[in-house]
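Subject: Structure for you to look at

Hello,

I am handing over the structure below. My notes on it follow.

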Amino acid sequence: MEIERVAIVTESFLPTVNGVTSSVTRVLEHLQATGRQAMVIAPRCGAPTQLHGAPVFEVPSIAYREFPVGMPSPQVHGLLQRFRPDVVHAASPFLLGGQAIAEARRMGVPSVAIYQTDIAGFARRNRLSAGAPVAWKVLRRIHNQADVTLAPSSASIADLDAAGIERVAHWARGVDLDAFHPDHRVGPAAQALRAQLAPKGETIVGYVGRVAPEKGLERLRALQGTKGIRVVIVGDGPGMAAAKRALAPLGAVFLGQRTGAALAAAYAALDVFVHTGAEETFGQTLQEAAAAGLPVIAPRAGGPIDLVDHGITGFLFEPDSQRGLRDAVRTLAESPAMRARMGEAGRRRVLQRTWPRVCDQLLEHYAAAQRHALTGVEPVRAPAVV
């Protein structure tokens, strides 16, 4: 049976900007482009009433650390019953997504759960290690009701396997190869930004992403005293005040959140991309940086292990090694030829990771979930490589 109607139940949606929201919007775009109908159920947070042809329905939420958390609601049952989806797509399911998966099961509708949160990392960071087994127990109950759980990296697949979560398959994320392109580096917007940020020709070392405690921006303090560089932070979030205090000795420049052409210009103005978070299940900004032709430096942990080919497209450093991060930045700052070589290799590596291709793979996962729901045939796990 063809998948024609998709209900997306997401724990995060616009105007909140993060990896969950971004992937949901791309999936909606692809569903519309391929002639499918979709709807979205999301926590109440001031979302648009529709996006890419899909109506958006908000359900009650509570605020937790500035983040709206969707609560189970009778609305979910009614909305799914009226829409009659062919598949339920639960994006980073917890309370709201867990209810949607249970409703789908009762309706005899296949469901796909998208895993995007490092629970163990969250517990460690918030000194809740004793609570991690409880969190995994809850997630195991939620995900094992789904017909397929999709994880974005080999590290996250290993975590799910260890937690006893069944029917796990790989689904990565796409990247916009036109928006993030090395040619933008010579464009007027990027040139003007470079002149503003590095008037003396400094090597611009930049981070792009959410500014939050889990992103580990304080690791950049290891760069203090490194000559000839300018540290730039692109993004916003609840950790902004702490990040500014931590990075004040570096004279770091904070550009705030940027989208569209302004975001593309920000990437194009950089010389080196540095990611500092050690709890990434994937690492979308690393792909965007690679598409823009930048060498990427990131911790040897989680999603970046799949995305950075050490010594070829960039460098991986041990998360607790200040020297590893500092040496990687210094090596690239001192060698424009190496930056160019690694940037070109990184661009080549992501050329097949377009959003249309990745979303076509998602449609195949929908079909696998449908087969499991109808026949009990286990999905075939693909390797964690795009």
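What share of the contacts in the protein with a separation of 6 or more is between residues 24 or more positions apart? The share is 64%, where a contact means heavy atoms within 4.5 Å.

First, the basis of the values. This is a predicted model, in which local features need pLDDT of at least 70 and side-chain atom pairs count only at pLDDT 80 or more, while totals for chains, interfaces and linings use all residues. Residues are numbered from 1 along each chain as its sequence is written, and side-chain values use heavy atoms, with hydrogens and water left out.

Overall form. The protein has 14 helices and 16 strands; these are DSSP runs numbered from the N terminus, with at least four residues for a helix (H or I) and at least two for a strand (E). Its radius of gyration is 21 Å, close to the 21 Å from the globule rule for 386 residues, so the protein is as compact as a globular protein of that length. The radius is taken over C-alpha atoms, and the rule is 2.2 Å times the number of residues to the power 0.38. Of the 386 residues, 56% are buried, meaning under 20% relative accessible area with a 1.4 Å probe, protein chains only.

One sheet. Eight strands make an open sheet with mixed pairing, ordered β3-β4-β2-β1-β7-β8-β9-β10. Its edge strands, β3 (50-51) and β10 (168-170), each pair on one side only; two strands pair if DSSP finds at least two bridges between them. Strands β8 (residues 111-114) and β9 (residues 148-151) run parallel and are joined by three bridges. A113 has T149 in β9 as its bridge partner.

Regards

Terms used:
Buried means under 20% relative accessible area, exposed over 50%, partly exposed in between (1.4 Å probe, protein chains only).
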